[in-house]
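Here are my notes on the charged pairs, set out as numbered points for you to read alongside the structure.

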Amino acid sequence: MVRGQCDLVRKHKLFYLMVSVDIPEQPVIEPKNVIGVDMGIVNISVDSTGKYYSGDGIKEVRERNSDLRSRLQSVNTRSAKRHLKKLSGKEHRFATNTNHIISKEIVNKAKGTSSAIAIEDLTGIRMRETVKKRNKYIHNSWAFYQLRLFIEYKAKEAGIPVIVIDPHNTSRECPNCHTISKKNRPERSIFKCISCGVKGEADYIASLNIRNRAVANQPIVAGDFFVHCDSPVASSLL
């Protein structure tokens with residue numbers, strides 16, 4: 001039986017009915033596979049099945065509002081401040097909805113394939129990464145942690161294990177021979193191993209490394225999910 005309560009909340013002159021319900025969790029499955037998920041900005045996420053979740057929609061909204069935001073900030077009137085607040089709320093709701101859609105699709109895919117989900121621990125990612133000045137707004141306003149939370153709670157409801165791994169060098173390591181080098185990334189979007197020649201789109205390669213690390217740390221997971229040098233998935237992406 002579902003139990004819950006509700007509260008009537010006023011926010012920005014609008015009233016919202018906030019409903020809390022208890023949902024029984026599903027028994028945790030014993031995974032037969034692992035789906036690695038890489039999170040970024042150009043691609044909000046890429047999973048190890050080769051599915052790309054583009055960040056173009058959010059980027060277009062923010063770029064469209066960028067000039068308006070600058071003008072409103074320069075005016076600095078009460079009306080302009082109200083408009084800025086409204087603009088910020090609209091962008092936030094759009095990004096949140098996008099994260100809900102992506103996390104739901106990833107969890108549904110994991111459930112349909114009896115897979116665990118492997119993600120990076122991106123705590124403090126904004127402090128670790130150096131970002132060009134013109135890209136700081138987009139980088140600082142992207143909700144890495146929010147997407148992780150959405151994936152985690154949806155997975156928990158569905159009984160899907162979530163494995164959190166160390167993100168260090170996931171984008172520089174070869175998933176075949178495990179060579180780690182900055183030279184493996186000749187361009188931001190391209191990966192090409194200097195040792196064995198495996199090549200592919202960089203975010204996809206990162207998702208493979210995330211998956212492989214999770215598999216290595218989870219001996220109960222059956223099967224061999226590592227990508228080899230002759231894999232058409234890894235070698236034919238460019």
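How does E105 count by relative accessibility: buried, partly exposed or exposed?

1. E105 counts as partly exposed, its relative accessibility being 33%. Please keep in mind that this is a predicted model, in which a search of the whole structure finds 6 salt bridges.

2. One of these salt bridges joins E105 to K51, with the closest N and O atoms 3.7 Å apart. Because K51 sits in the loop between β4 (43-47) and β5 (52-54) while E105 belongs to helix α2 (residues 78-112), the pair ties together parts that are 54 residues apart in sequence. K51 is also partly exposed, with a relative accessible area of 33%.

3. A salt bridge also forms between the side chains of D121 and R148, at 3.2 Å from N to O. D121 is in the loop between β6 (115-120) and α3 (125-128), and R148 is in helix α5 (residues 144-158), so that distant parts of the chain, 27 residues apart, are linked by the pair. D121 is partly exposed at a relative accessible area of 30%, whereas R148 is buried at 15%. The pair does not stand alone, since a network of salt bridges links D121, R148 and E152.

4. R188 and D203 make a further salt bridge, their closest N and O atoms lying 3.7 Å apart. The pair ties together parts that are 15 residues apart in sequence, because R188 is in the loop between β7 (162-165) and β8 (190-192) and D203 is in helix α6 (residues 202-217). R188 counts as partly exposed, at 45% relative accessibility, whereas D203 is buried, with a relative accessible area of 10%.

Conventions
Residues numbered from 1 in each chain as written. Predicted model: local features only at pLDDT ≥ 70, side-chain atom pairs only at ≥ 80, totals over all residues. Heavy atoms only, no water. Salt bridge = Lys/Arg side-chain N within 4 Å of Asp/Glu carboxyl O. Helix = DSSP H or I, 4+ residues; strand = E, 2+ residues; numbered from the N terminus. Buried < 20%, exposed > 50% of the residue type's maximum accessible area, 1.4 Å probe, protein only.
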